[in-house]
Amino acid sequence: MKRLLVFIVIAIFISLTCFVKDSSNPLFTLAETDRVCLIVEDGSLSEGEIIDSGSVDFVYMSKEEGLKAIKQVRVQGLEFYLSDISLDDVLQLLKADVVEKSEIEGLNLVYAYSPFYQDNITMDGKKVNVQLALKGDEIIAGFPIILTGY
């Protein structure tokens, strides 16, 4: 009986760890990440370049500052500004599955799903939690979408 109970506990633990998503975002580790923008509740952060946008603030900061700040406040959205990296490299790093691609006035947009971000939106019945905008050698990665503009 004890063996069965131990087996059940171990099986539950293993199954839970297999289905838990990774909460860390690998874009924080990239040298190509120039800065980040945290979309947070109005007034919840006092550090960084803050742009008030009604009920939320867009807070721009270095990736190191962003990594610390993300642990202190509830983030409603997150954006990374990348340079000198290919779209394929970003998608591979994020382990992202592309849902849709489009082009608007010379701007390439990619909508995808990555296991590194919990929140998502639904687009044509499919889950999307990362939007990538490519212009020249710059990429903006927004989680779940880009809220600050291109």
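This section describes the nonpolar cores, helix 3, the surroundings of Asn25 and the aromatic contacts of a predicted model.

The largest nonpolar core comprises 31 residues. Within this core, the residues with the most contacts are Leu27, Leu38, Phe80, Leu132 and Phe143. At least two core residues come from each of strand 1 (33-41), strand 3 (56-61), strand 4 (75-83), helix 3 (87-94), strand 6 (107-113), strand 9 (130-135) and strand 10 (138-143). A second core, separate from the largest one, has 14 residues, including Cys37, Ile39, Tyr60 and Ala133. When residues up to four places away in sequence are left out, the contacts of Leu38 are Leu45, Asp57, Phe58, Val59, Met61, Gly66, Ala69, Ile70, Val75, Gly77 and Leu78.

Helix 3 contributes to the largest core, and its buried residues are Leu87, Val90, Leu91 and Leu94. These residues lie on the same side of helix 3, because the arc they cover around the axis is only 95 degrees. Asp88 and Gln92, on the other side of helix 3, are exposed. The packing partners of the buried residues of helix 3 are strand 4, strand 5 (97-104), strand 6, strand 9 and strand 10. Lys95, just after helix 3, takes a positive phi of about 55 degrees.

Asn25 is placed in the loop between helix 1 (2-19) and strand 1. Asn25 has a relative accessibility of 7% and therefore counts as buried, the cut-off being under 20%. A polar atom of the Asn25 side chain lies 2.9 Å from the backbone nitrogen of Leu27, and Leu27 is itself among the residues with the most contacts inside the largest core. Not counting residues up to four places away in sequence, Asn25 touches Leu78, Phe80, Leu94, Phe116 and Phe143. Of these contacts, Leu94 is one of the buried residues of helix 3, while Phe80 and Phe143 are listed among the residues with the most contacts in the largest core.

Four aromatic pairs are present in the structure. One of them joins Phe80 and Phe143 in an edge-to-face arrangement, with 5.9 Å centre to centre and 85 degrees between the planes. Because Phe80 belongs to strand 4 and Phe143 to strand 10, this pair ties together parts that are 63 residues apart in sequence. Phe80 counts as buried, at 0% relative accessibility, and Phe143 counts as buried, also at 0% relative accessibility. Phe143 forms a further aromatic pair with Tyr117, which is tilted, with 5.5 Å centre to centre and 45 degrees between the planes. This pair links distant parts of the chain, with Tyr117 in the loop between strand 6 and strand 7 (121-123) and Phe143 in strand 10, 26 residues apart. At a relative accessibility of 10%, Tyr117 counts as buried. Phe28, Phe80, Tyr117 and Phe143 make up one aromatic cluster.

A charged side chain also lies over an aromatic ring: Arg35 is placed over the face of Tyr81, at 4.6 Å from the ring centre.

Conventions: Residues are numbered from 1 along each chain as its sequence is written. This is a predicted model: local features need pLDDT of at least 70, side-chain atom pairs count only at pLDDT 80 or more; totals for chains, interfaces and linings use all residues. Side-chain values use heavy atoms; hydrogens and water are left out. A nonpolar core is a set of buried Ala, Val, Leu, Ile, Met, Phe, Trp, Tyr and Cys residues joined through side-chain atoms within 4.5 Å. Buried means under 20% relative accessible area, exposed over 50%, partly exposed in between (1.4 Å probe, protein chains only). Helices (H or I, at least four residues) and strands (E, at least two) are DSSP runs, numbered from the N terminus. Contact means heavy atoms within 4.5 Å. The arc is that of the directions from the helix axis to the C-beta atoms. A polar contact is a pair of N or O atoms within 3.5 Å; within protein, one must be able to donate a hydrogen and the other to accept it, and residues adjacent in sequence count only if both atoms are side-chain atoms. Rings of Phe, Tyr and Trp (its six-membered ring) pair if their centres lie within 6.5 Å; planes under 30 degrees apart count as stacked, over 60 as edge-to-face and the rest as tilted. A charge sits over a ring if NZ of Lys or CZ of Arg is within 6 Å of the ring centre and within 35 degrees of the ring normal.
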